[in-house]
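Ready to poke around a fold with a few short exercises? Have a look at the picture first, then try each task before you read its solution.

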Amino acid sequence: MLWSGLAVAGAAIWLCVLALPWQPWRVRERLEPTSTDGAADIGLDDVTVLIPARDEAAVIGETLAALGDQGRSLRVMLVDDRSSDDTTEAARRAAPASLTLDVLAGAPLADGWTGKLWALEQGRRRIQTSLTLLLDADITLRPGMIRALLAKKEESGAALVSVMAALRMQGGWERLLLPAFIFFFRLLYPFHLANKPSRWVAAAAGGCVLIDTAALAGIGGFGAIRGALIDDCALARAMKDAGFRTWVGVTGGAVSHRAYPTLGTVWRMVARTAYTQLRYSPVLLLLCTLLMALAFWSPIAGLAGPLSAQIAAAVGLAAMALCYLPTLRYYCRSPGWALALPLIGTLYLAMTWHSALRDWGGRRSEWKGRVYDRESEGRRAA
């Protein structure tokens with residue numbers, strides 16, 4: 001009975017995910033450049049691209065070169081966030097003539113701010129255009145992507161439009177873990193609900209965000225979320241709380257070229273904010289552990305039980321695979337990776353526990369040489 005009960009519980013979780021009316025497992029919210037014809041001739045004089053950059057000399061050139069193919073009169077504000085490499089020089093060398101590039105040397109980190117948000121705020125104060133495109137330094141935009149963002153903004157009536165960039169999936173660990181990273185994010189923040197006017201769910205993908213400059217100023221700029229570690233969703237929440245609509249989706253038109261070649265690099269990226277997602281709550285951590293154990297382990301365990309458990313386990317594994325297959329198809333991954341989802345879920349649970357243990361030890365997050373301590377939750381950085 002125990003094996004059967006566990007297997008039934010695991011199957012029920014995945015069948016419930018499949019049956020949810022908002023269908024978070026589907027990849028419906030997409031935004032792709034529809035055409036590259038004449039993309040470079042589109043006037044973009046009402047857009048400023050705002051890029052925070054800290055030690056990004058290795059990637060910033062590719063990002064800026066791609067922006068040169070987006071259209072005419074595009075302004076770029078790059079905030080060099082106290083880099084220890086030659087980020088500024090690399091940017092100046094790589095910027096195509098079609099861009100108007102301004103480089104701002106970032107001030108020392110102000111008390112109460114996380115590094116990225118402080119860099120963004122310094123740049124925001126200098127922007128004069130009606131629209132701001134927040135872009136991470138490692139993201140390449142395909143030709144026509146800014147035009148697609150502008151069209152989606154007009155169509156949706158949203159003050160904030162963001163897309164989750166396609167992550168690099170070349171190495172073994174990237175292929176195993178990064179499609180699931182996006183899959184789990186969409187389960188946690190269902191895009192279909194986030195795109196509704198309701199304030200119930202707010203989500204954004206911080207690597208590529210088009211936002212009304214005036215609306216951003218109206219919520220107090222980035223000061224409204226100055227201590228947030230998960231800054232993209234915090235920004236979407238602040239916008240929705242102020243009465244603005246938001247839209248989030250996935251895309252192949254924005255591509256991250258940041259590499260995560262080892263398990264350790266993926267682990268650090270996830271553990272940086274995993275416990276933050278659970279609001280630093282031990283109760284939520286235990287509930288998450290129970291849920292993931294039932295979802296990922298009980299179908300496997302059920303295969304070793306009696307026939308009833310084996311049937312329930314097979315149903316659970318099939319439902320699990322059906323939930324994951326749309327994500328794999330979208331990123332052109334083999335359906336066979338769905339068989340690895342129990343292992344993937346186990347690794348992500350371990351990353352979450354590592355994040356919690358680090359928090360209990362007084363270190364909430366570490367990124368680009370900055371450590372955000374337990375007491376300040378980003379209000380002070382060492």
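**Exercise 1.** How many of the 10 residues of helix α4 (residues 115-124) are buried?

*Solution.* Keep in mind that you're working with a predicted model. Go along α4 and call a residue buried if its relative accessible area is under 20%. You end up with 9 of the 10, so the helix is mostly covered. The buried ones are G115, L117, W118, A119, L120, E121, Q122, G123 and R124.

**Exercise 2.** Find out how helices α1 and α13 are arranged, and what their contact is made of.

*Solution.* Start with the axes: those of α1 (residues 2-19) and α13 (residues 307-330) come within 8 Å and cross at roughly 25°. Next, turn the angle into a word: under 35 degrees counts as roughly parallel, and α1 and α13 are therefore roughly parallel to each other. Their crossing is left-handed. Now look at who meets whom: the α1 side includes W3, A7, W14 and L18, and the α13 side includes S308, A312, M320 and C323. Sorted by class, this contact of α1 with α13 has 16 nonpolar, 3 polar and no charged residues.

**Exercise 3.** Do the same for helices α12 and α14: at what angle do their axes cross?

*Solution.* The axes of α12 and α14 (residues 341-360) cross at roughly 160° and come within 9 Å. Anything over 145 degrees counts as roughly antiparallel, and that is why α12 and α14 are called roughly antiparallel to each other. This crossing, too, has a hand: α12 passes α14 in a left-handed one. From α12, the contact draws on L285, L286, T289, M292, F296, W297 and I300, while α14 brings residues including L341, G345, W353 and W360. By class, the contact of α12 with α14 splits into 12 nonpolar, 4 polar and no charged residues.

**Exercise 4.** Is L284 buried, partly exposed or exposed?

*Solution.* First place L284: it sits in helix α12, residues 282-302. Its relative accessible area is 33%. Partly exposed covers what lies between 20% and 50%, so L284 is partly exposed. Not counting residues up to four places away in sequence, L284 touches L278 and R279.

**Exercise 5.** Which residues have the most contacts inside the largest nonpolar core?

*Solution.* That core has 59 residues, and the ones to pick are W14, L341 and I344. Now zoom in on L341: leaving aside neighbours within four places in sequence, L341 is in contact with W14, F183, F184, F296, M320 and Y324. There's also a second, separate core of 34 residues, with L44, I60, L78 and A165 among them.

Methods. Residues are numbered from 1 along each chain as its sequence is written. This is a predicted model: local features need pLDDT of at least 70, side-chain atom pairs count only at pLDDT 80 or more; totals for chains, interfaces and linings use all residues. Side-chain values use heavy atoms; hydrogens and water are left out. A nonpolar core is a set of buried Ala, Val, Leu, Ile, Met, Phe, Trp, Tyr and Cys residues joined through side-chain atoms within 4.5 Å. Buried means under 20% relative accessible area, exposed over 50%, partly exposed in between (1.4 Å probe, protein chains only). Contact means heavy atoms within 4.5 Å. Axes are lines fitted to C-alpha atoms, for helices over the stretch in contact, and angles run from 0 to 180 degrees between N-to-C directions. Helices (H or I, at least four residues) and strands (E, at least two) are DSSP runs, numbered from the N terminus. Angles under 35 degrees count as roughly parallel, over 145 as roughly antiparallel, 65 to 115 as roughly perpendicular and the rest as oblique. A crossing is left-handed if the near helix is turned anticlockwise from the far one by less than a right angle, and right-handed if clockwise. Ala, Val, Leu, Ile, Met, Phe, Trp, Tyr, Cys and Pro count as nonpolar, Asp, Glu, Lys and Arg as charged, and the others, Gly among them, as polar.
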